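Here are a few short exercises to work through with the model open beside you. Try each task before you read its solution.

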Amino acid sequence: MIRALTTLALLALLVGCATTTPTYALRLEESTLEVREAQTRTLVAPSEIAILTATIAVLQDMEFNVERIEKPLGVITASKITDADSASEKTGLFFLDLVCALGGSDCGAMNSAQDDQQITMTIVVLPSLARSGEFRTRITMQRVVYDKMDRIKVLERIGDPAIYQAIFDNLQKSLFLEASEQ
Amino acid sequence: MNRQTRTTALAAMLLITGCATTPPDVVGAGTQLETRQAQTREFDTLDKAMTMRSVVATLQDLGFTIDQADADLGTITATRLDTYTMRMTVTVVSKTGDRIAVRAFARAGENAITDPATYQDFFIALDKAMFLTQNQVD
C-alpha cells in the first residue's frame, strides 16, 4: 500500500509540472473560408476616412469603447463589459442550492452563475485592391464570461453569423447617415 | 521513523513543493538561434505594408482579435480566447535585397510555443494570405 502511494506521489510529481502545447493551434481550419465570408463585407464609401468614421460611430452605437486604432493598417480594436446574467441559468442554480440546503449543505451554486462578459472586437477596414471606392471590412470577436465570484466561466470566439450580419447592417445604416449629414 | 514511512513522507513533500518555488523566468528557454530560425520566414516582396496587412488577415483567419498594431515598427500583437488563451506577437522587418522577414512568437496560457510545426502552420496560413494580397484577390 505504502509503495503504491509512493509511486503515485512520484508520478504526480512528474506530471504535475508537465507543459502541454496544443497541437495544430495555428493551423487553418477547414471552415476558414466559410467563417471569413460571414465576417467580411465589401462596402461602398466616399473615402477611407468616411468609412472609418462610420465604423467608429457604429461601435459607439453598440456601446463599445474604442481601444486602439492603427490607421495605416485599417485596424480598430474595441471592447465592452456588459451584463451576462441569465434568468434561466439562475433559476436552475437556485433549485440546485435549494436541494443542497434541504440536504443540510451549502453548495453555493449561485456563485457560479454568469455575471459579466467582456467582448473584444477587431474591425479591419481596407481599401479594395481591385476597385476604388470599395472597402473590405472584416470583423472578429471573442468574449470572456465571468461568474459572480469573478472567475472565468467561458472563453470563446463569437462565431454566430447572425451577429456579424447585424453589425454590418448597422454599419450600412451608419454609412448612410454619415453621407446624408454631409 | 522506519524506512517506508520516511520514503512516503519524502514523496509527499516532493509532491507539495514540486511546483512551488520557481525563479522569475525572464530569459526563457531554448537557444536564440534555434528559436529565431523556427519563428522566422523571409519573403520576396518589397512591400512591408502589404505584408503587415497579410499578417492581420492571417491572424483574423486564425480567430484572433488584434490588441495592438504599429505599421511603422511592424509589430502586431493579437489574442485568441479558446479553451486556452493564445497570444501572438508578429514582427515584420525590411531586410536588404528586397526581402521582408516575418517573425512570429506565440504563447498558449503560461507556455511559450516552441514546437516548430506550430510556427510552420502559421507561415503556411500567411503564405496563402500573401498570395491573395499580392494577386489582388478580394
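**Exercise 1. Find the residues through which helix 3 and helix 4 of chain B meet, and sort them by character.**

Start with helix 3 of this predicted model: Met50(B), Thr51(B), Ser54(B), Val55(B), Thr58(B) and Leu59(B) make the contact from that side. Then turn to helix 4, where their partners are Phe122(B), Ala125(B), Leu126(B), Ala129(B), Met130(B) and Thr133(B). Sorting the residues of this contact gives eight nonpolar, four polar and no charged.

**Exercise 2. Work out how helix 3 and helix 4 of chain B are oriented to each other.**

First, take the axes of helix 3 (residues 48-61) and helix 4 (residues 116-134) of chain B: they come within 8 Å and cross at roughly 125 degrees. Next, place that angle: 65 to 115 degrees would be roughly perpendicular and over 145 roughly antiparallel. The two helices of chain B are therefore oblique to each other. Finally, the handedness: helix 3 of chain B passes helix 4 of chain B in a right-handed crossing.

**Exercise 3. Locate the salt bridge partner of Lys148(A).**

The partner is Asp115(A), with the closest N and O atoms 3.6 Å apart. Now place both residues: Lys148(A) lies in the loop between strand 5 (134-147) and strand 6 (152-157) of chain A, and Asp115(A) in strand 4 (residues 114-127) of chain A. The pair, 33 residues apart, links distant parts of the chain. Over all chains, the structure holds twelve salt bridges.

Notes
Residues numbered from 1 in each chain as written. Chains lettered and ligands numbered in written order. Predicted model: local features only at pLDDT ≥ 70, side-chain atom pairs only at ≥ 80, totals over all residues. Heavy atoms only, no water. Axes fitted to C-alpha atoms, helices over the stretch in contact; angles between N-to-C directions. Helix = DSSP H or I, 4+ residues; strand = E, 2+ residues; numbered from the N terminus. Parallel < 35°, antiparallel > 145°, perpendicular 65-115°, else oblique. Left-handed = near helix turned anticlockwise from the far one by under 90°. Contact = heavy atoms within 4.5 Å. Nonpolar A, V, L, I, M, F, W, Y, C, P; charged D, E, K, R; others polar. Salt bridge = Lys/Arg side-chain N within 4 Å of Asp/Glu carboxyl O.
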